[in-house]
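Q: Could you take me through this structure? I'd like to look at it alongside your answers.

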Amino acid sequence: MIMPLRDRRLLETPLHTRLAAACETQQWYAWKGFAAVQCFTTVLQEYFAIRNSAGLFDLFPMTKYRIQGRDSRAYLNRLVTRDLSALKPGRVSYCVWCNDAGQVLDDGTVFCLGEEDWRLCSQERHLDWLLWSAQGFDVRIHEETTELAGLAIQGPTSCRILRNAGAAGLEQLPPFQHAAFTCAGVSMLISRTGFTGDLGYEIWFDPARALAVWDGLLEAGNNHGLRPIGSQALDIARIEAGFIQAGVDFMPAEQVVRPDRARSPFELGLGRFVDFRKPGFNGRRALQAEQQRGSRHRLLLLDVEGSHPARDAFIYNRARQVVGTVTSATWSPSAKANIAIASVRTPWGRDNDGLWAEVYYRRELQWEKVRACCRVVKGPFFDPPRKKATPALDF
Amino acid sequence: MQRYDAIVIGAGHNGLTNAAYLAKSGLRVLLLEKNPYVGGAAVSRELHPGWTYSNCSYVCSLLRPEIYRDLELARHGLQVIGYEGGITFMRNGDYFGNYSDAERHHREMSRHSRRDADAYERYASDVMRQTRLIRPFLMRTPADPTSLKRRDVMELIYMLRKYWGLGEHALYDTLRFWTMSIGEFLDEYFESAVIKAHFAGGGIIGTGLGVYSPGTAYVLLHHYMGEVDGSIGAWGFARGGMGAITRAMAGALRSYGGEIRTDAEARQILVKNGRVQGVALANGDEFHADVVVSNLDPKRTFLKIMDEKDLPPDVVRRARNFKIRGSSGKLNIALDGMPTFTAVPERHPLLVADLHFIDSLERMERAYDDWKYGRWSRDPYLDMLIPTQVDPTMAPPGKHMMTVFVQYCPAKLAGGDWTPADRDAFARTCVDQISEYSPNFKDLILHMEVRTPLELENEVGLTEGNIFQGELTMDQLLFNRPFPGYAQYRGPVTGMYMCGSGTHPGGGVMAAPGANAAREILMDLRRPPIVPGDTSDD
């Protein structure tokens, strides 16, 4: 008897043969049990593909749920903090969802495929929570993670490449909108969404056609700088965009063991996605109480003095007390700034109140330490007009 | 007649640990053991030429790392090797594999229930929260809640602070968790029968309770609060068997100048004018000391080796009422080769770990029903391992040793006492269950040691063969272990102490009771505090 495939340490995505052929560094990591690429050739080349031409990223392991049925809108509207009551078919909404204590379980995107047909994409897995929350609603919830392939194609030439591959009229698709196209000879759903804060798309199709799509897109993008990108390049782009990530910038509330580790949407800078006008949603009472009482934590986007990324650094106030920690940090090649996402205790970080980071870095085996002043930044570190322009700008 | 500073009775892991600390502090210590070998229930013995059995306890997790490190057990030859997970074989020919790698674990759970796979995160963090609450108390003496002594008050404050520090929701959960059954607890998270059955095992092992008996959720915690190399809840093999642990402890004790006498059964703790005088052996020898520590269980300590006239009647009554029920048996088997299992391929990574053959809580509850009425389970819950896949020292190359823990097995049968025929029938029941899943297993058996509670009691000296030296139920835990008013390791007679698993924090090869008792003794003798406290740094 041969060892069943499922007992192997890592599974392969439908694109594995292509990823393996392109992955010159052999730097892999485990993403939800699948072998995924950290870096194909060099991180900076891949990063500049995102910002200068286009990058192609395999989204297969991302968690995807299909939610269907008469009450699917009401169900999702109770689940997430944002108001979905007017979301039209063809729209996508970025949402967070909370437990009853108003602590964030995860964030993700909600696709309205039809009045009674929805999709929820997230980093973490939530079937148990989704099913408990479905009590009393006429909905069917189905995890379709491995039944639906996804590719992110992100960067200024992404629209041009997809159009070259057959997605006629794609330039008219506004941000957070999705529509059906035939592209690389495969029928697919294309949404103008992404994790880079740039012009970019995510495409969703039958995994059986994955190789055809990959090959077709790379061919269509041959003269437009398309290249496969790994997670490290994507991570720089998402920090520049100011996007937070579950398990990195916050702990999904269901995984929290220690008190005070979970975060509310307000504490993650996501207050604008909490809509108290809708009467009932998970965590509403707790979040209302928090709004009155004030939050305990605050998420900050920081411009850190110097050039050493402030990874895992403690954040201090003027009185040299530790008030928080950096959760993500990188040098931003587009903003030409040293940027970080940090979680600090209130009242710190309301404005530029003298926060600084203790940054350790190594030069010729020797550790050095600097005290780097931090400036609080409102909004993303990199925010090009092409992100929102409709029709999409042609490059 | 010889005089010592302290005499410890019983060379199990707690007696050894206790004696080692007393000797390390500079006392002249004598450790007495009735058997010709040390180890108690942590022994390795060669009963079939070439094969070494871990005759009683068989895997290691609870052994406190503070003690492992402080007594330099590694230097004295101990090596504990962690393993991952386990398998529950199912009646339908399938199996559930429990991996420690999170993603494989999720994938395998999804095969049985996608929902359960996701619910596991909630389960794991809820159990870990309770684990983090209990762990700091393992290397501490329980506070007496009725005492106004400064130390007790400070300990109570410490305890409340830890409890309060869980956060408000965890406060509700803790009280429920400590009083619930493991079955009900698992029902709150999972729907798959086999997943529940797999996780429920820790709630009943060694316990005279069923999966739906209140209090068994805590027993699960007891199996989850250990660690191997910082991995909480993980279990490991002691290289050379569990006797390697006690051998290393004996090495430590001797290196501190302690003396061990085997074949030296204590007959009575000598008491005069409310003070201990020493110990009289069964062979008539007497050894004198101002401190006598009993590592025997509370029933044996107070009802067998102490004169009831020397004890307050209340203690005698509590000792008689102490719950220490035999509920498990053990098979140790020498195998001519590695058994194959129909459901999984050869060399499946989880075959190294715990193997079980009960795939539903209902079957587990029925196994308990048999025990309640004085029968061994017709369809028992087995916790089976083949450590020789990892350990090259316990069987010849290509041959294997199998350890089979059996739940439930009563100390007394409904029809009367155990007979050799009963014992054979009991073993046959277990072997038959394994054979259903491993067709070549029976043919590989070269030798088998069968241990019912009777053998465990007679050889090891555990009353009724109870592996924990007393049930781990709330009425016998913390400041109530073994009895209210006697949880701080001091007996009812001046100079007499208890250091066995019958004291806080309870059973398992943990060595915390032995160390905690040594801390109290050294405090009473006004000697420097050398016993480590809780050093977990998470």
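Q: Before anything else, which residue in β3(B) is the bridge partner of B:I9?
A: The bridge partner of B:I9 in β3(B) is B:L32, with strands being DSSP runs (E, at least two residues; helices are H or I, at least four) numbered from the N terminus. This is a predicted model, in which local features need pLDDT of at least 70 and side-chain atom pairs count only at pLDDT 80 or more, while totals for chains, interfaces and linings use all residues. Residues are numbered from 1 along each chain as its sequence is written, chains are lettered from A and ligands numbered from 1 in the order in which they are written, and side-chain values use heavy atoms, leaving out hydrogens and water.

Q: How many bridges join β2 to β3 of chain B?
A: There are 4, between residues 6-9 and residues 29-32 of chain B, and the two strands run parallel.

Q: And what order do the strands of the sheet take?
A: The open sheet in chain B has 5 strands, ordered β12-β3-β2-β16-β22 with parallel pairing, where two strands pair if DSSP finds at least two bridges between them. Its edge strands, each pairing on one side only, are β12 (259-261) and β22 (496-498) of chain B.

Q: Switching to α6(B), which residues are buried?
A: In helix α6 (residues 168-179) of chain B they are B:A170, B:L171, B:T174, B:F177 and B:W178, buried meaning under 20% relative accessible area, exposed over 50% and partly exposed in between (1.4 Å probe, protein chains only).

Q: Which residues are exposed on the other side?
A: On that other side of α6(B), B:E168, B:Y172 and B:L175 are exposed.
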